[in-house]
Amino acid sequence: MPTFDRLLATDLAGVALVNPVLLAAGTCGYLDELADAIDLARVGGVVTKSITAQPRPGNAFPRVIDARAGMLNAVGLANVGVEHFAEHIAPRAADVPTVVIGSVAGFSIDDFVTVAAAMDNAEGIRAVELNVSCPNVHGGAEFGADPEALAELVGAVRPVLAETRLFVKLSPIAVGAPGMVEVARAAIRGAGVPAGPNRRTGADALCIANTIPAMAIDVRTRRPRLSNVTGGLSGPAVHNVAVKLVYDVYTSVTKEAGVPVVGVGGVMRWEDAAEFILAGASAVQMGTALFADPRSPLRVINGLRRWVRTQGAQSISELVGTVEI
Ligand SMILES: Cc1cc2nc3c(=O)[nH]c(=O)nc-3n(C[C@H](O)[C@H](O)[C@H](O)COP(=O)(O)O)c2cc1C
């Protein structure tokens with residue numbers, strides 16, 4: 001098990017992390033597939049690939065391509081479905097030597113509730129992360145682009161979670177203020193009654209953000225490079241967009257509400273992670289960087305430790321949101 005690191009230890013909505021660097025959903029397998037490449041005890045946590053109520057083959061290939069400053073993917077939520085996950089994968093979560101967060105996706109509120117309830121039953125899953133960048137079969141729009149639909153979704157999932165924390169990963173489709181800020185407000189407000197004493201009706205933490213809708217075209221064949229035509233952009237190209245979203249949401253909503261934010265998008269080097277921290281994130285996730293080098297989180301963690309020391313802080317949490325404007 002990891003040793004305590006005073007400078008980097010982070011409390012994320014009641015979940016104790018050895019450091020604030022997590023591996024992002026869909027980029028590190030279901031659980032511990034990267035364990036051969038990186039000692040998982042040294043990262044803050046792993047987020048599972050998004051799990052849906054039914055198994056999904058995902059989109060046709062090619063569904064992951066490189067872009068000039070990152071990647072485009074249209075994996076289409078390929079996964080084994082919640083039954084297989086609950087029976088064969090989730091029971092191993094308790095043996096993973098770091099915090100496991102279960103990513104939940106769906107096309108209706110019932111889908112999300114079903115998968116979140118199964119995750120809540122798994123001993124080793126400390127939090128669920130709702131991937132709300134999915135079209136709602138009822139309304140058509142993404143849950144993450146519709147504050148009312150999102151509040152209803154969060155309010156429906158909350159009561160099925162006992163000790164498991166509820167994180168919501170916002171979609172950058174609501175990019176720019178007030179869009180993103182309104183969506184963030186809805187996510188932490190939720191709907192309905194709190195599940196227990198001192199429990200929120202809404203999210204315990206927000207992850208900002210998922211990939212940005214994008215498209216690439218092969219100019220020789222004049223065909224889209226992804227079989228799905230469009231996909232999600234990730235990597236360095238999205239980093240500064242995500243930093244601004246974190247900053248907007250932190251300063252307008254979450255700082256006052258006391259809800260931590262996780263910065264996601266283009267963390268390749270420690271400086272990218274530090275930027276997110278200064279903008280208001282309490283932790284970060286890395287995805288695209290793992291495809292280039294699965295050990296890159298270790299360099300980010302070491303760089304952050306040196307940075308905290310040189311900033312004269314006792315703990316990285318002191319630096320959250322301290323960008324000087
Ligand atoms: C190949 C691939 C698959 C992904 N699958 C998921 C997924 O299943 N669920 C999810 O919430 N995000 C998924 N994402 C988005 C990442 O978790 C992350 O939000 C995004 O890539 C931005 O971070 P990055 O720039 O560090 O990659 C995926 C990203 C990639 C590149």
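**Entry 1: the barrel**

I started with the strands and found eight of them closing into a barrel, in the order β3-β4-β7-β8-β9-β10-β15-β16, with parallel pairing. I then looked up the twist, which averages 25° from one strand to the next. Reminder to myself that this is a predicted model.

Next I went through some of the pairs. β3 (residues 21-23) and β4 (residues 45-47) are joined in the parallel sense by two bridges. For Leu-23 I noted Val-46 as the bridge partner in β4.

β8 (residues 125-131) pairs with β9 in the parallel sense, and I noted five bridges there. On that seam, Ala-127 has Arg-165 of β9 as its bridge partner.

**Entry 2: β9 and β10**

How much of β9 is buried? I looked at residues 165-170 and found the strand mostly covered, with five of the six residues buried.

On to the seam with β10 (residues 205-208): β9 and β10 run parallel and are joined by four bridges. I picked out two partners in β10. Val-168 is bridged to Leu-206, and Leu-170 is bridged to Ile-208.

I wanted to know about the two sides of β10. In a regular strand the side chains alternate between the two faces of the sheet. In β10, Ala-205 and Cys-207 lie on one side and Leu-206 and Ile-208 on the other, and all of them are buried, so both faces are covered.

β10 also pairs with β15 in the parallel sense, over three bridges. Ile-208 turns up again here, standing opposite Gly-263 in β15.

**Entry 3: the open sheet**

I also looked up a second set of strands. Four of them form an open sheet in the order β5-β6-β14-β11, with antiparallel pairing. Why do β5 and β11 each have a side without a neighbour in the sheet? β5 (64-67) and β11 (212-215) stand at the edges and each has a single partner strand, so one side of each stays unpaired in the sheet. The twist in this sheet averages 40° from one strand to the next.

For β5 and β6 I noted four bridges in the antiparallel sense. Ala-67 stands opposite Gly-70 in β6.

**Entry 4: helix α2**

I checked the length of α2 (residues 109-121). With 13 residues at 1.5 Å a residue, the helix should span 18 Å, and I found its end C-alpha atoms 19 Å apart, which agrees.

Then I listed the buried residues of α2: Asp-111, Phe-112, Thr-114, Val-115, Ala-116, Ala-118 and Met-119. What do they pack against? I found α1 (82-89), β7 (99-104), β8 and α3 (147-157). β7 and β8 are both strands of the barrel from my first entry.

**Entry 5: helix α6**

α6 (residues 270-279) is mostly covered, with eight of its ten residues buried. I wrote them down as Trp-270, Asp-272, Ala-273, Ala-274, Glu-275, Phe-276, Ile-277 and Ala-279. Their packing partners are β3, α5 (236-257), β15 (261-264), β16 (283-286) and α8 (296-310). Just past the end of α6 I noticed Gly-280, which takes a positive phi of about 130°.

**Entry 6: around the ligand**

Which residues are closest to the ligand? I counted 26 around the ligand, the closest being Ala-24, Gly-26, Ser-234, Gly-287 and Thr-288. The elements giving two or more residues to this shell are β6 (70-73) and α7 (288-292). By type, I have ten nonpolar residues, 14 polar and two charged in the shell.

I followed up on Thr-288, which lies in α7. Is Thr-288 buried or exposed? I counted 27 other C-beta atoms within 10 Å, and the cut-off for buried is 20 or more, so Thr-288 is buried.

Leaving aside neighbours within four places in sequence, I found Thr-288 in contact with Gly-70, Met-71, Ser-234, Gly-235 and Gly-266. Among these contacts, Gly-70 is the β6 residue that stands opposite Ala-67, and Ser-234 is one of the closest residues to the ligand. I also checked Leu-233: Thr-288 and Leu-233 are 55 residues apart in sequence, yet their C-alpha atoms are 9.8 Å apart in space.

Note on methods:
Residues numbered from 1 in each chain as written. Predicted model: local features only at pLDDT ≥ 70, side-chain atom pairs only at ≥ 80, totals over all residues. Buried ≥ 20, exposed ≤ 12 C-beta atoms within 10 Å, placed from the backbone. Pairing = 2+ DSSP bridges. Expected span 1.5 Å × (residues − 1). Contact = placed C-beta atoms within 7 Å. Axes fitted to C-alpha atoms, helices over the stretch in contact; angles between N-to-C directions. Near = placed C-beta within 6 Å. Nonpolar A, V, L, I, M, F, W, Y, C, P; charged D, E, K, R; others polar.
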